Amino acid sequence: MLTRRAILAGIAAGLVSRAAHAQRPFTPPRIGWLSAGSEPDPFLDGFREGLRKLGYVEGRTVVIDTRHAGGNLEVLRAAAAELARLQVSLVVAAGIAARAAMAITDIPVLFAISGDPVEGGWAKSVSRPGGNFTGSTFLSLEVAGKRVELLKQAVPRLRTLVALSNTDHPGEQSERRATEAAAQSLGVTLVYVAFSQSPFGASPELDKALESVRRAQPDAMVVFPEGATMANRAGLARFAIAQRLPAMFGWSEYADAGGLMSYGANQRDTYMRLAVFADKILKGAKPAELPIEQPTKFELVVNLKTARALGLAIPEALLVRADRVIE
């Protein structure tokens, strides 16, 4: 039978143990942010906003270690290796940085990519990724077809359409087929102009492709959204204006850089959504079991400055439908 002294000693020991545990400082989880670009970073801002909406306070309940490569591939690879050595709780690889993050095998990685995550090797399937990667893909074959329809509305005389496509892009052939099908249904002939190029470094392949576009003399151009064309979006917009070529792009950043039109998901909103994935993983979920998502909301942006430079009158019905008009 326990004596009164033994009982009191046990209670005292328990109180001391709980007090020591209570005094143990809280260590916030660390999230690594890996980007091929530079600051300011609107996608990082979106991710931070998503965390705030979930109740996280940066510096108190979560820490974000940011690494921006400034367009340098070797710096990007080194940054990915450094985040892996730091053993952060998870890594968010923005856009094309997801390729460099493939070297990370034992830490959860979240991505938002423009291509097919299965074809690119990030996942075994969309519904069950099966590894340490999950997140969101902007690739939507329905949206690819819709871009052709919207461009046809803006340019009713459209008969010949060039599709400018980087073959160094997982899912590119599926996007091409969807674009061809949409063009055929509208009686439009599609001219496929392909190039293969990394988003890093010089752009000789893209320059050659643009010369092929110029020689084809199409009525309009659609540019598939991905890393290389995104990095060269301002130059592509200038080329299209110089050739008096109405052009449709995939994301609003292209239209902001001078492209005539864009239709696709809002990238910043997608990075806000990645915060939900991060929250789940920090609470114990496994990326292998978190299905990869596709955005469900898409925005149409029309650049009227570029339309005026092209001498193109955008139909009022299309302007009313636009989510944003750049005056």
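Start by selecting residues 220–223 and 247–249 in this predicted model. These are strands S8 and S9, and they pair in the parallel sense over two bridges. Zoom in on valine 222 and you will find methionine 248 of S9 standing opposite. Strands of a sheet pair through backbone hydrogen bonds, either parallel or antiparallel.

Now select helix H9, residues 233–242. This helix packs on the sheet and touches S6, S8 and S9. Compare its direction with that of S8: the two make about 170 degrees.

**The whole sheet**

Which strands join S8 and S9 in their sheet? Colour S7, S6, S8, S9, S10, S11 and S12, in that order, to see an open sheet of seven strands with mixed pairing. At the edges are strand S7 (189–195) and strand S12 (324–326), each of which pairs on one side only. As you rotate the view, note that neighbouring strands are turned by 20 degrees against each other on average, direction ignored.

**Helix H5 and its charged residues**

Next, select residues 141–154, which form helix H5. H5 lies across strand S6 (160–166), S8, S9, strand S10 (261–265) and S11. Relative to S10, the helix runs at about 155 degrees.

Show the side chains of lysine 146 and glutamate 149 on this helix. They meet in a salt bridge, with 3.3 Å from N to O. Both residues belong to H5 and sit three residues apart, about one turn of the helix. Are they buried or exposed? Each is partly exposed: lysine 146 has a relative accessible area of 22%, and glutamate 149 has 33%.

Move on to arginine 147, and add glutamate 175 to your selection. The two form a salt bridge, with their closest N and O atoms 3.6 Å apart. Arginine 147 is in H5 while glutamate 175 is in helix H6 (residues 172–185), so this pair ties together parts that are 28 residues apart in sequence. Arginine 147 is buried, at 5% relative accessible area, and glutamate 175 is buried too, at 3%.

**More salt bridges**

Select Glu49, Lys53 and Arg268 for a group of three: salt bridges that share partners join these residues into one network. How many salt bridges does the structure hold? There are 16. Side chains of opposite charge can pair when their charged atoms come close.

For another of these pairs, pick aspartate 65 and arginine 30, whose side chains meet in a salt bridge at 3.0 Å, N to O. Aspartate 65 belongs to strand S2 (residues 63–68) and arginine 30 to strand S1 (residues 30–35), so the pair ties together parts 35 residues apart in sequence. Aspartate 65 is buried, with a relative accessible area of 13%, whereas arginine 30 is partly exposed at 37%.

**Last stop: proline 291**

Finally, select proline 291. Where does this residue lie? You will find proline 291 in the loop between helix H11 (267–282) and strand S11 (298–303). Proline 291 counts as partly exposed, at 44% relative accessibility.

Add valine 126 to the view: 165 residues separate it from proline 291 along the chain, yet their C-alpha atoms are separated by 5.8 Å. Leaving aside residues up to four places away in sequence, proline 291 touches Val126, Ser127, Pro129, Thr134, Gly135 and Phe277. Display those side chains to finish the tour.

Key
Residues numbered from 1 in each chain as written. Predicted model: local features only at pLDDT ≥ 70, side-chain atom pairs only at ≥ 80, totals over all residues. Heavy atoms only, no water. Salt bridge = Lys/Arg side-chain N within 4 Å of Asp/Glu carboxyl O. Helix = DSSP H or I, 4+ residues; strand = E, 2+ residues; numbered from the N terminus. Buried < 20%, exposed > 50% of the residue type's maximum accessible area, 1.4 Å probe, protein only. Contact = heavy atoms within 4.5 Å. Pairing = 2+ DSSP bridges. Axes fitted to C-alpha atoms, helices over the stretch in contact; angles between N-to-C directions.
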